[in-house]
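Subject: A structure for you to look at

Hi there,

Here is the structure I promised to pass on. Please open it beside this email, and then read on for what turned up in it.

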Amino acid sequence: MIGHVVRRLAAILPLVLLLAFSTFLLLQLAPGGPFDAERNFPPEIQKQLEARFSLDAPWYEQFGTYIVGLADGTLPSMKRPGLTVGELIGSSFPVSLTLGTLAMGFALCLGITSGIIGAIRQNSIWDWSTMSVALIGISVPNFVLGPLLILIFALGLGWVPPARWEGLETMILPAVTLGLAYAAYIARLTRAGMLEVIRTDFVRTARAKGLAEHVVVIRHALRGALLPVITYLGPATARIITGTVVIEKIFQVPGLGYYFVQSALDRDYSMVLGVVCFYASILMVLNLLVDIAYTWLDPRVKLA
Amino acid sequence: MLFAALACVADGPTFGLSRAEEDPRTLVFNNATEPEFIDPTQATGHPDGRIVQELFDGLTEYGPVDLAPQPSHALSWDAHADGRGYTFHLRDDAAWTDGTPVTANDYAWSWEHVLNPVYLARYAQQLYFVERAPLYNSSRVFVGPDGTHLEAKRSYVVRLVEDHEDLDEGWLVEVVDPDADPLTVIVREDCEDLNDLAGLLDCEGAERRLELPADKAEPAWPMANTRVLREDATLHTPGGDVGLSRGEEVVLIPGDKVFYPTSEKTGTLDLSLLADPRGERVRYDLVEIEPIDWSGTPDVEDTGEEPLDPIEVTLRTLSAAELRFTPEVLGFRVDDDHTFTVRLSGIAPFFLTLTSHTTLRAAPRQAWEEHGSRWTRPENIVTSGPFTLETHIVRDRFELVRNPDWWGEVELDRVIAYSIDNLHTSANLYRAGYTDLVVANDIPAEFIPILRDKEDFEVSPALSVYVYRINTTKPPFDDVRVRRALAMAIEKEDVVSVLKAGQLSADHIVPPGLPGYTAARGPGFDPEEARRLLAEAGYPNGEGFPRFKILYNTLETHKLVAAIIQDNWAKHLGIPVELENREWKTYLKTVNNLDYDIARGGWIGDYLDPLTFLELWIEDGGNNNTGWTDPAYDALIVEAGRTADPAERLEKLAQAEAMLNEQMPFIPIYHYVWSELTQPDVRGTHPNLLDQHPIRYMSIER
Amino acid sequence: MTKQVVAGSSLWADAWKRWRRHRISVASAVVLTLVVAFCVLGPMLTEALLGHTYEAQNRALGAAPPSWVHPFGTDILGRDVMVRTMIGGRVSLAVALVATAVSLFVGVTYGALSGFLGGRVDAVMMRIVDLMLSTPYLLLVIVLMAVIPPSQVSIGGLDGSIILMFAALGLVSWLILARIVRGQVLALKEREFVEAARAIGVKPLTILFRHIVPNTLGPVIVYSTLTIPSVMLSEAFLSFLGLGIREPEASWGTLVNDGANAMSVFPWLLIFPGAIMTLTLFCLNFLGDGLRDALDPSASRT
């Protein structure tokens with residue numbers, strides 16, 4: 001197992017480089033450069049700007065400069081040359097991370113609770129309503145939900161601010177919007193898992209022993225029920241990370257997702273490469289952690 | 001139902017919810033986007049400017065109502081008698097927040113910093129009215145031995161198309177000024193019979209000059225010996241080694257020597273490290289130019305004489321070490337700590353509006369020398385204005401706090417500027433009562449019909465214009481009749497009525513509102529005449545007119561306008577037109593490369609004078625992009641720059657505008673307006689043509 | 001308990017019967033058909049009955065709330081929102097279907113060949129798939145969409161942005177499908193009917209595509225029902241970000257984006273396209289659930 005982990009970790013670097021290179025190629029194809037603007041600069045300045053960022057050097061040199069610059073953290077963003085790519089990522093990633101964590105936390109709390117309620121009160125009005133809400137949560141895209149929530153709670157009722165990221169009150173709507181779809185999935189998984197476990201003998205035995213209902217639920221049934229939820233967490237987290245791109249746009253959260261799209265539009269080559277490499281590394285490490293968690297949880301699963 | 005309930009929130013005299021409970025000494029607004037730079041020498045557009053102008057003072061400040069220059073760092077100023085310069089007297093109680101006093105040296109250092117191409121200042125053009133500034137910005141003006149000022153003029157190579165004197169047809173020869181007629185040709189002994197460029201450049205022989213009628217030669221090549229380093233390198237000079245960085249520019253001297261203008265050294269270096277970005281080879285010849293006349297200012301009389309004939313000196317006979325690239329050649333001078341004199345390249349009565357501009361404000365040398373490009377971070381920054389920077393979170397906000405040592409009075413203690421670049425979110429924040437104002441044109445167009453009756457909404461004329469550029473190098477657009485026909489077949493009122501925000505239709509480029517200027521009216525909507533012209537040009541009823549495209553960048557407004565114009569041309573001229581939309585970067589590239597038929601464009605004036613629009617169309621104007629030039633037009637502009645009498649000068653400019661209306665290298669469509677939202681309890685802001693609203697004048701009455 | 005008569009009852013008939021019992025799934029199918037009809041036939045009907053088209057502007061009217069003449073209201077240019085929702089639906093559904101078809105085509109071919117050829121070739125081909133799966137593909141798609149000007153890719157009358165969408169989204173979804181098909185083919189190729197066909201002398205490729213692949217269709221259909229809503233969502237999300245379908249075309253994603261922008265003053269611009277899109281995704285999800293149960297009852301139910 002250690003061998004596998006080491007192999008996976010070792011594979012990350014070449015994969016990321018490959019990805020960086022493909023992105024670099026894509027960027028070369030795109031017309032327009034980082035320094036085109038409606039108000040033309042004096043040609044000498046244009047020339048110097050391009051030279052400073054090696055835009056006139058052959059492609060292998062350019063690529064090399066970017067990679068080295070990223071590795072030692074000195075590569076400046078082309079759009080904001082006073083800041084390095086590292087600083088921009090460093091200041092915006094924690095924001096995205098907080099957003100993702102809050103969303104995931106919300107999803108788990110709401111999802112697990114609804115799932116339990118649904119399973120315990122199976123086929124009652126509780127069950128039916130929570131599961132319907134869950135289904136709606138899965139079907140409503142987050143970019144429809146977000147503006148809707150803003151419309152109702154921020155502009156209509158005025159309970160929270162409509163945008164920005166400063167203080168707890170601004171974090172509520174973005175986290176809810178991002179997390180709701182996952183809450184819905186988790187609710188369904190929890191309910192199904194619980195239903196399966198509740199029917200088993202071992203739970204019936206516990207009940208027969210006269211243990212209180214909630215003890216039965218929490219101590220015995222839940223543990224088994226949560227396995228599918230935990231296995232779902234892996235892909236869910238990865239998806240939440242990409243989900244932040246849209247949420248950050250809707251709520252103007254200064255996170256990493258914004259740079260993703262905007263730097264490609266701005267042709268800020270250094271930032272695009274930086275963000276792609278960063279995201280790729282994170283996702284690959286995450287995948288690895290998830291796979292490790294699977295083996296730990298379900299010993300039948302073996303890593304290839 | 002729900003819609004009515006939600007719409008209810010929009011009822012009420014103001015669009016934004018009241019902020020009566022908020023702190024009256026804190027102003028909160030959205031600055032439209034994250035600024036690119038807050039260093040005055042590097043700053044670019046309005047979002048940068050709004051922050052810079054509160055942190056740093058300039059020689060003058062925009063007057064709150066009419067933008068008239070108010071004393072700021074300069075307490076008073078004297079105009080030079082010939083109208084080509086000013087002497088500023090600085091106040092002695094202005095200081096940087098680190099305690100050092102603000103002096104004229106700060107201005108000299110900052111302006112040189114803007115113009116020195118090594119620092120890559122993108123708005124250097126704001127200083128181009130200062131004498132020699134454009135040349136300095138292109139590293140083409142030096143100080144030679146015994147203090148003579150030398151301009152490096154490009155020389156070109158031409159090929160003779162017929163025999164002339166002792167030169168044969170087919171020969172390549174160097175020419176000093178390719179636009180002159182007759183051409184002055186440089187012939188070097190034993191190098192006459194050369195047909196290859198490299199050979200010509202490397203050849204060394206005694207020189208002689210002779211004249212050649214321009215029609216006997218055709219352009220062969222521009223040559224260059226100014227190169228950019230493609231990586232860090234070491235220059236080996238007799239006085240020691242000099243480290244050079246990638247991107248620096250050096251001058252290649254035959255004999256494999258290199259001259260490094262920025263620190264006046266000459267030596268050898270591995271020539272393979274030099275990049276030749278344009279693949280061209282151009283030689284610079286040094287030509288002596290008249291030194292700046294400082295004598296007796298401010299009483300310098302304009303004698304109206306032409307400059308002296310240049311003495312021609314070539315680079316090779318002058319040791320490169322004797323050339324100095326230094327701000328001495330620039331048209332400003334520190335007379336003493338509190339006196340700063342500026343000479344301009346022409347008559348520019350609007351210069352005092354420019355002295356309030358972001359780019360002309362002084363930056364603190366001491367901070368730059370200590371921290372380099374990180375000097376604008378809150379922990380390093382040093383400011384001179386009413387506020388200083390406390391917090392800066394990228395893409396979130398700037399927080400400015402009052403500078404207690406500032407020489408003036410300000411009513412606010414704190415300014416919070418958000419950096420949200422989504423204008424709908426910005427409007428929503430204002431609506432929900434989180435900001436005090438929405439800056440000009442940060443308002444979505446679709447909201448405007450609802451806003452019209454609100455107390456907090458204001459529309460005012462803007463000094464800017466929306467045009468359709470015409471590619472005059474591409475037939476049939478090279479025919480002025482075609483261009484005029486196209487212009488006259490557009491019912492501009494139609495366009496403006498659709499946009500619904502109070503824009504004004506335009507038949508000439510300079511927007512209204514400039515004092516003393518009577519614009520030349522262009523041809524209005526005249527479909528009959530348009531048809532007649534088109535027929536005369538050879539396309540009766542639009543028959544045979546080639547299909548062409550209107551290019552615009554992706555934005556709903558542009559699409560709307562294009563659709564209407566397409567409609568108009570089909571209806572009135574019978575010409576079918578296609579629309580082509582491209583995203584921003586692609587659109588810019590296409591326009592710059594003259595790859596279009598008709599393209600949408602816009603321009604916002606930098607200062608209160610018609611010249612800001614008229615100077616775009618001179619030859620080599622970097623923002624011309626239509627391929628149109630006319631030496632008579634250029635001459636008129638230059639002449640206006642020599643006319644001291646303001647009324648006469650404006651008249652000459654009007655004549656130039658009339659030429660544009662006549663020739664139509666572009667079609668003016670409409671003049672923009674500024675639309676802004678301001679909470680009623682915010683005082684001290686007034687609508688004006690340049691949309692300058694210095695926060696230092698604002699106060700909040702709660 | 002009645003015994004099923006096996007003779008004459010094919011795999012598909014069994015599946016059909018099972019599916020019919022799943023009432024919500026059937027209901028979803030019905031609603032979905034209505035939505036598709038709405039989007040495909042609606043514009044013509046609306047033009048006939050009310051005279052609106054999706055581009056006809058009524059600038060004097062501007063954005064108006066729902067009324068009898070404009071059941072979904074109008075947008076800022078006075079265009080009827082109902083017709084635009086229908087047209088947007090056409091684009092969204094078309095993109096989803098075509099992209100899924102692209103991924104089907106690529107995935108099935110790739111997976112089938114890989115499984116059939118087996119051995120080293122199979123190992124390499126699957127390695128490539130794994131490699132691509134481990135990279136954040138969507139990120140590259142975003143960069144791709146941001147960077148390639150749709151103008152370069154326009155073919156004939158079809159706008160470049162739509163073509164880019166077909167390609168970009170289709171290329172994201174084929175990977176897992178390839179894996180699935182390959183797994184199926186590996187299992188199937190050992191069966192007797194394949195051996196028999198080989199013995200007769202049927203050419204290998206024909207065996208592959210005429211005999212084996214059709215038997216993989218069950219899981220393929222199941223997977224496609226998962227892919228269609230996911231692709232539709234991706235398209236909408238890209239269009240929402242401004243990277244997808246562009247003017248003059250519209251899709252549900254762009255309509256929702258425009259609606260979200262103007263929602264504080266014209267909420268109907270968000271609500272109607274958003275509701276229809278949600279309804280469609282809802283139905284697709286349920287339809288998928290039902291089909292999955294019908295075609296593969298051994299899969300665990302949720």
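Let's begin where chain A meets chain C: the rule finds zero salt bridges across that interface, a salt bridge being a side-chain nitrogen of Lys or Arg within 4 Å of a carboxyl oxygen of Asp or Glu. One residue pair there is in polar contact, with both residues at pLDDT 80 or more. (A polar contact is a pair of N or O atoms within 3.5 Å; within protein, one must be able to donate a hydrogen and the other to accept it, and residues adjacent in sequence count only if both atoms are side-chain atoms.) By class, the chain A side of this interface has 33 nonpolar, four polar and three charged residues. Here Ala, Val, Leu, Ile, Met, Phe, Trp, Tyr, Cys and Pro count as nonpolar, Asp, Glu, Lys and Arg as charged, and the others, Gly among them, as polar.

Before going further, a word on the ground rules. This is a predicted model, in which local features need pLDDT of at least 70 and side-chain atom pairs count only at pLDDT 80 or more, while totals for chains, interfaces and linings use all residues. Residues are numbered from 1 along each chain as its sequence is written, chains are lettered from A and ligands numbered from 1 in the order in which they are written, and side-chain values use heavy atoms, with hydrogens and water left out.

Back to chains A and C. Chain A brings 40 residues to the contact and chain C brings 39, where contact means heavy atoms within 4.5 Å. Together they bury about 3400 Å², with 83% of it on carbon and sulfur atoms; buried area is the accessible area (1.4 Å probe) that two parts lose on being put together, summed over both. A:Leu26, A:Ser139 and A:Phe143 supply 17% of what chain A buries against chain C, more than any other three residues.

A:Phe143 deserves a second look. Along with C:Leu238, A:Phe143 has the most contacts inside the largest nonpolar core, which has 153 residues. Such a core is a set of buried Ala, Val, Leu, Ile, Met, Phe, Trp, Tyr and Cys residues joined through side-chain atoms within 4.5 Å, and buried means under 20% relative accessible area (1.4 Å probe, protein chains only), with exposed over 50% and partly exposed in between. Not counting residues up to four places away in sequence, A:Phe143 touches several residues, including A:Val246, C:Phe237 and C:Met277.

How does chain A meet chain B? That contact takes 53 residues from chain A and 59 from chain B. The area buried between them is about 5100 Å², and carbon and sulfur atoms give 50% of it. Four salt bridges are counted between these chains; one of them joins B:Asp396 and A:Arg164 (2.9 Å, N to O). Eight residue pairs are in polar contact across this interface. The chain A side divides into 27 nonpolar, 10 polar and 16 charged residues.

Finally, chain B itself has 17 helices and 34 strands. (Helices, H or I of at least four residues, and strands, E of at least two, are DSSP runs numbered from the N terminus.) Of its 702 residues, 58% are buried. In helix α8 (residues 423-431) of chain B, eight of nine residues are buried. A side-chain oxygen of B:Asn422 caps the N-terminal end of α8(B), 2.9 Å from the backbone nitrogen of B:His424.

Enjoy exploring!
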